[in-house]
Amino acid sequence: MTEAYCWTLTTGEAGMTSQVRGLAEAVGLPYEHKTVGLRPPWRWMRGSFAPGVLRGLTSDSDSLAPPWPRLLISCGRRSATVAVALRRASGGAIMTVHIQDPQIAPRHFDWVVPPRHDGLTGPNVIATRGALHRVTAERLEAARADLGDAWAAFPRPWIAVLIGGATQRGDLGQERLDALIRDLRSAAGASGGSVLVTPSRRTGEASTRRLVEGLADVPGFVWGGQGENPFMAMLATADHIVVSADSVSMVSEAAATGVPVYTVALGPLGRRLQAFHSALEAEGVTRPFTGALDQWAYTPVNDTPKVAARIRRELGLEAGAAPESVSLSP
């Protein structure tokens with residue numbers, strides 16, 4: 001394998017992997033994705049003080065050995081620990097970019113890219129409106145072309161539904177899930193449209209069955225996990241998008257389309273998530289889902305190209321002076 005100019009690094013979570021890959025692709029360097037795990041006690045240590053952390057990788061971790069990449073993009077607290085260790089091991093030769101709040105001082109990285117609702121600031125902090133992602137106009141167009149007329153039998157409008165699931169704050173609320181099913185049935189009935197659902201791995205079999213049973217007589221489908229996830233095709237073709245509010249990544253991906261995005265809380269939301277949703281609602285991007293469909297316009301939310309442009313300038317890949325402020329908040 002030829003040397004990668006960039007490594008992306010996560011502990012395997014789909015949302016985190018999407019963010020690092022999205023930024024790497026936007027930067028435009030060849031990259032290799034690395035998935036790692038940490039054994040105790042390193043998995044509990046802070047990234048600023050984790051001696052010997054590279055010896056604490058689990059046996060199924062990808063290799064992290066020289067030659068070092070020029071750029072390392074990491075996401076997640078445990079990945080931050082490994083990124084700090086790699087920066088030290090390379091003698092500072094690696095430019096480190098960490099997505100999300102690393103839970104340690106930003107000075108341990110070259111750049112930190114957290115969502116603005118984390119409240120993190122600093123001279124090397126690039127605050128974004130939401131999560132970085134891989135949704136681009138080109139990918140959406142390709143998804144539309146690949147789909148063709150496969151869903152032609154489903155009457156319009158198409159209501160795409162992106163479901164998350166259990167979080168650290170609690171399980172998926174079944175009463176709220178039943179309320180969502182009733183509201184989706186109402187929306188489809190009133191509009192004459194179809195409901196297209198893709199659950200995530202966190203949704204769980206019981207909740208997925210509940211969705212299948214509750215929407216059985218409504219035009220559309222609930223993806224059952226076989227074959228390729230129709231997620232991108234749904235974003236590319238939906239007339240309305242309903243997203244469970246537990247996932248900043250899914251809401252951010254939906255908001256990159258310019259299509260009306262509705263959010264629904266299927267479980268408890270913490271202060272940070274509430275701040276994220278409040279900001280997008282105030283800016284006219286999203287609205288709470290109540291079972292009624294509406295139309296509104298907004299500028300698609302996608303900070304990935306702006307962050308990538310800044311990184312390219314720092315790497316000497318793009319001409320132009322750096323802006324005075326690196327905050328991407330409006």
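This briefing walks through the buried parts, helices, loops and backbone details of the structure above. The model is a predicted one, so please read every value below as computed from it. Two separate nonpolar cores come up, one with 56 residues and a second with 22. There is also one cavity of 30 Å³ or more, and a helix, α7, that is largely enclosed by the rest of the structure.

**Nonpolar cores**

- In soluble globular proteins, nonpolar side chains tend to be buried together.
- Here, the largest nonpolar core has 56 residues, and the members that touch the most others are Leu162, Leu180, Leu184, Val195, Ile241 and Val242.
- Leu180 is a handy one to click on: setting aside residues up to four places away in sequence, Leu180 touches Ile163, Val242, Val264, Leu266 and Phe289.
- A second core, separate from the largest one, is made of 22 residues, including Trp42, Leu64, Val84 and Leu120.

**The cavity**

- The structure holds one cavity of 30 Å³ or more, and the largest cavity has about 40 Å³ of space.
- Its lining is formed by Gly130, Ala131, Leu132, His133, Ser252, Val301, Asn302, Asp303 and Thr304.
- By type, three of these lining residues are nonpolar, five are polar and one is charged.
- Two of the lining residues, Ser252 and Thr304, turn up again among the helices: Ser252 is a buried residue of α7, and Thr304 is a buried residue of α9.

**Helices and what covers them**

- Helix α5 spans residues 205–214, and its buried residues are Ser207, Thr208 and Leu211.
- These three are on the same side of α5, because they cover an arc of only 100° around the axis.
- On the face of α5 turned away from that buried side, you will find the exposed residues Glu205 and Glu213.
- The cover over the buried residues of α5 includes β6 (158–163), α4 (174–191), β7 (194–199) and β8 (220–222).
- Helix α7 covers residues 248–255, and eight of its eight residues are buried, so α7 is largely enclosed by the rest of the structure.
- That buried set in α7 consists of Val248, Ser249, Met250, Val251, Ser252, Glu253, Ala254 and Ala255.
- In α9, the buried residues are Thr304, Val307, Ala308, Ala309, Arg310 and Ile311.
- Elements covering the buried residues of α9 include α1 (14–27), β3 (71–75), β4 (95–99) and β5.
- Just after α9 comes Gly316, which takes a positive phi of about 80°.

**Buried residues in loops**

- Gly291 sits in the loop between β11 (286–288) and α9 (304–314), and with a relative accessible area of 11% Gly291 is buried.
- Apart from neighbours within four places in sequence, Gly291 contacts Asp183, Ser186 and Ala187.
- Gly291 and Ala190 are 101 residues apart along the chain, while their C-alpha atoms are separated by 9.3 Å.
- Val135 belongs to the loop between β5 (111–113) and α3 (137–147), and counts as buried at 3% relative accessibility.
- Outside its neighbours within four places in sequence, Val135 is in contact with Leu140, Met232, Leu235, Glu253, Ala256 and Asn302.
- Among those partners, Glu253 is one of the buried residues of α7, and Asn302 is part of the cavity lining.
- From Val135 to Ala255 the C-alpha distance is 9.7 Å, with their positions 120 residues apart in sequence.

**Backbone details worth a look**

- Most residues other than glycine have a negative phi, and most peptide bonds are trans.
- The peptide bond joining Pro66 and Pro67 is cis, with omega of about 5°; Pro67 is in the loop between β2 (31–35) and β3.
- A cis peptide bond also runs from Arg156 to Pro157, with omega near 0°, and Pro157 is placed in the loop between α3 and β6.
- The loop between β4 and β5 holds Gln100, a residue other than glycine whose phi is positive, near 80°.
- Gln100 counts as partly exposed, at 25% relative accessibility.
- Gln103 also lies in the loop between β4 and β5, and has a positive phi of about 70° although it is not a glycine.
- With a relative accessible area of 43%, Gln103 is partly exposed.

Note on methods. Residues numbered from 1 in each chain as written. Heavy atoms only, no water. 1 Å grid on protein atoms, 1.4 Å probe; cavity = no way out; pocket = protein on both sides within 12 Å on 5 of 7 lines; lining within 4 Å. Points joined across faces, edges and corners; volume = space filled by probe spheres on them. Nonpolar A, V, L, I, M, F, W, Y, C, P; charged D, E, K, R; others polar. Buried < 20%, exposed > 50% of the residue type's maximum accessible area, 1.4 Å probe, protein only. Helix = DSSP H or I, 4+ residues; strand = E, 2+ residues; numbered from the N terminus. Arc of directions from axis to C-beta. Contact = heavy atoms within 4.5 Å. Core = buried A, V, L, I, M, F, W, Y, C linked by side-chain atoms within 4.5 Å.
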